[in-house]
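Biologist: I'm new to this structure and would love a close look at one part of it. Could you pick a single strand and walk me through its surroundings?

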Amino acid sequence: MAITNILEKFVDARKNGESCEFNGYLEDYLQMISEDEKAYKVLDEVFKQNNDAKILTNFKISISKDAITNQIIRYKDAFKLQNDAIVIPYIIYENKNNVQRALIYYPSEDGGYIFAKGLYYCLTEPTSQFIDNRNEFVAISSDDPKEVASTYGKMFTQKPGSLQRYLDKHHFGTYEDMHKEALRISNKMHDEAFDKLKDVEDKYEMIREYIVKWFLLKKVLYVQYMLNKDFLTNVHEGNVRKQRNQAKINADEIAFISYSSLWRGHE
């Protein structure tokens, strides 16, 4: 089943659905939210160029315990979270001239593009209902309305895979660049977590966000490395086991604070 046919079936909170907050036409969503919202200008620009676009907001999915990649990463704290712990801020989708596409949009923040790619990998992993739709998605993070709208438009005329590779190179020239950035972000989160949690009423929500983000950083470093055929051929001489071992080493470098320590307020 094509992606649009799947996404439009999710029932949103307006109809007592639990999988997402809103699922409907982008035009209707823009009338419901304030122009001061961070994503408003981006979403409005997408709508101006794509009047029939639909949007799904705060779409919830669970961290799969059955996915082999997640088992290899062995970040056990991610499995301690409640079901539907991963929240995808926006999925913009449409059937245009019998071409169905969906854009995972993560509002711009430090590390936003890596988190967007992580959401894509979680949404389309082998245990997901979207596994057969992995070539219909593109993931992006940007605060530039023109860039997001342009990317969304190109999805219907270009192969999403080539478009995603272009975005990868635009944000990170090499895997090594992404690796360094992921480590920087994880260390920053590690250093600031306890201070941010001190005065928060809903600690679970912030702890969930920290753990999900550390999980996404690990997942991207692992999967992105494994998908690199050049590494397999030229670095590991065709030995998948060696490539897998290095991918795990890279993922293991992500610094994090344990679930119990986050609740206690100290390590």
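Modeller: Happily! Let's start with Ala 139 in E5, which is the bridge partner of Ile 104. A little further along, Ile 140 in E5 stands opposite Tyr 105. Keep in mind as we go that this is a predicted model. Strand E4, which spans residues 99-105, pairs with E5 in the parallel sense, and four bridges link them.

Now step back to the whole sheet. It is open and built from five strands in the order E1-E2-E3-E4-E5, with mixed pairing. Strand E5 (137-140) stands at one edge and strand E1 (22-25) at the other; each has a single partner strand, so one side of each is left without a neighbour in the sheet. From one strand to the next, the twist averages 25°.

A helix packs on this sheet as well: H5, residues 112-123, touches E5 along with E4, strand E2 (54-61) and strand E3 (86-96). The direction of H5 makes about 155° with that of E5.

Back on E5 itself, look at where the residues point. Phe 137 and Ala 139 face one way, while Val 138 and Ile 140 face the other way, and all are buried.

One more neighbour deserves a visit: Gln 164, which is found in helix H7 (residues 160-171). Leaving aside residues up to four places away in sequence, Gln 164 touches Val 138 and Ala 139, and also Tyr 113 and Lys 117. The relative accessible area of Gln 164 is 8%, so Gln 164 counts as buried, the cut-off being under 20%.

Definitions and conventions
Residues are numbered from 1 along each chain as its sequence is written. This is a predicted model: local features need pLDDT of at least 70, side-chain atom pairs count only at pLDDT 80 or more; totals for chains, interfaces and linings use all residues. Side-chain values use heavy atoms; hydrogens and water are left out. Two strands pair if DSSP finds at least two bridges between them. Helices (H or I, at least four residues) and strands (E, at least two) are DSSP runs, numbered from the N terminus. Axes are lines fitted to C-alpha atoms, for helices over the stretch in contact, and angles run from 0 to 180 degrees between N-to-C directions. Contact means heavy atoms within 4.5 Å. Buried means under 20% relative accessible area, exposed over 50%, partly exposed in between (1.4 Å probe, protein chains only).
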